[in-house]
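Student: I would like to take a close look at a single part of this structure. Could you please guide me through one strand, its neighbours and the contacts around it?

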Amino acid sequence: MIEIFRKTRVPAIYTKLDYVRESGTVCYADCPQDLLLIRQIQDVVKGKICVSNIERLSYHFMIKAVFPENIMDLDGTSDELIEWHFFSWKAWDAETLITHRNPSESVPLIEAGIGADFIDTLAHPSSCLPILRETENMFQENSAYTLNPKIASEIKKIETPLIARIKLLKLKQL
């Protein structure tokens with residue numbers, strides 16, 4: 001199996017989560033219809049693009065993807081089934097730091113083969129609140145996700161020192 005990790009950074013609060021969500025198996029076929037998707041995965045494996053480039057949803061942060069060894073040999077002609085899976089966070093996972101309720105598909109970082117040092121490198125000094133508000137707007141019609149103002153306030157209390165610390169460390173490096 002080939003393990004590929006995210007390169008693009010995420011708002012700092014997500015890097016304080018002690019879990020990731022493990023996807024079910026994703027399947028593509030080595031056929032002309034899925035060739036574009038296969039090519040994208042091959043670009044991820046080659047390091048040409050980040051694993052975040054194959055995220056299909058704006059409220060989703062893919063952290064690690066696991067592909068079969070033969071992924072680079074596929075060219076859309078074998079009709080072979082390609083099974084892969086990934087580990088991710090969803091935008092609203094930031095709320096679990098306040099609610100202490102992990103999603104059912106969560107697995108500890110260590111179990112997912114993701115080290116704390118790696119997670120620390122993903123921290124970006126930005127707030128997740130704009131992403132949560134965008135997600136809320138996206139789901140506005142069916143009320144599938146709503147950002148509770150009290151939760152937003154608690155997130156802000158957690159984020160402020162995280163963001164300040166990242167900025168301070170960056171200044172110290174200069």
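Tutor: Let us take strand 6 as our part, and begin with one pairing: Met-62 has Ser-88 as its bridge partner in strand 6. Please keep in mind that this is a predicted model.

Met-62 brings us to the neighbouring strand. Strand 5 and strand 6 run antiparallel and are joined by 6 bridges. Strand 3 is also antiparallel to strand 6, with 2 bridges between them. Here Ser-88 appears again, for Arg-21 stands opposite this residue. Strand 4, which covers residues 26–29, is joined to strand 6 by 4 bridges, and this pair is antiparallel too. Within that pairing, Cys-27 has Glu-83 as its bridge partner in strand 6. In a regular strand, side chains point in alternation to the two faces of the sheet.

How much of strand 6 is buried? Of its 10 residues, 7 are buried, and the strand is therefore described as mostly covered. The cut-off needed here is a relative accessible area under 20%.

Strand 6 also contributes to the largest nonpolar core. That core has 33 residues, and those touching the most other members are Tyr-14, Val-20, Ile-63, Trp-89, Ile-114, Leu-132 and Ile-155. Two or more residues come from each of strand 3, strand 5, strand 6 (81–90), helix 4 (129–138) and helix 5. Helix 5 gives the most, with 5 residues. As an example of the packing, consider Leu-132: leaving aside residues up to four places away in sequence, Leu-132 touches Tyr-14, Ala-91, Trp-92, Tyr-145, Leu-147 and Ile-155. There is also a second, separate core of 18 residues, with Ile-2, Val-26, Ile-54 and Leu-74 among them.

We may now return to Arg-21, the residue opposite Ser-88. Side chains that carry opposite charges can pair when their charged atoms come close. The side chain of Arg-21 forms a salt bridge with that of Glu-105, at 2.3 Å from N to O. Arg-21 belongs to strand 3 (residues 19–22), whereas Glu-105 lies in the loop between helix 2 (96–99) and strand 7 (106–108), so the salt bridge ties together parts that are 84 residues apart in sequence. Arg-21 is buried, at a relative accessible area of 8%, while Glu-105 is partly exposed at 29%. A network of salt bridges links Arg-21, Asp-93 and Glu-105.

The neighbouring strand 5 takes part in a salt bridge as well. The structure holds 5 salt bridges, and one of them joins the side chains of Glu-3 and Lys-64, at 3.3 Å from N to O. Glu-3 is in strand 1 (residues 2–5) and Lys-64 in strand 5 (residues 60–67), so this pair ties together parts that are 61 residues apart in sequence. Lys-64 is buried, with a relative accessible area of 2%, but Glu-3 is partly exposed at 45%.

A last salt bridge takes us to helix 5. Lys-157 pairs there with Glu-154, and their closest N and O atoms are 3.5 Å apart. The two residues are 3 apart within helix 5 (residues 149–173), and are therefore separated by about one helical turn. Lys-157 is exposed, with 54% relative accessibility, whereas Glu-154 is partly exposed at 28%.

Terms used: Residues are numbered from 1 along each chain as its sequence is written. This is a predicted model: local features need pLDDT of at least 70, side-chain atom pairs count only at pLDDT 80 or more; totals for chains, interfaces and linings use all residues. Side-chain values use heavy atoms; hydrogens and water are left out. A salt bridge is a side-chain nitrogen of Lys or Arg within 4 Å of a carboxyl oxygen of Asp or Glu. Buried means under 20% relative accessible area, exposed over 50%, partly exposed in between (1.4 Å probe, protein chains only). A nonpolar core is a set of buried Ala, Val, Leu, Ile, Met, Phe, Trp, Tyr and Cys residues joined through side-chain atoms within 4.5 Å. Contact means heavy atoms within 4.5 Å. Two strands pair if DSSP finds at least two bridges between them.
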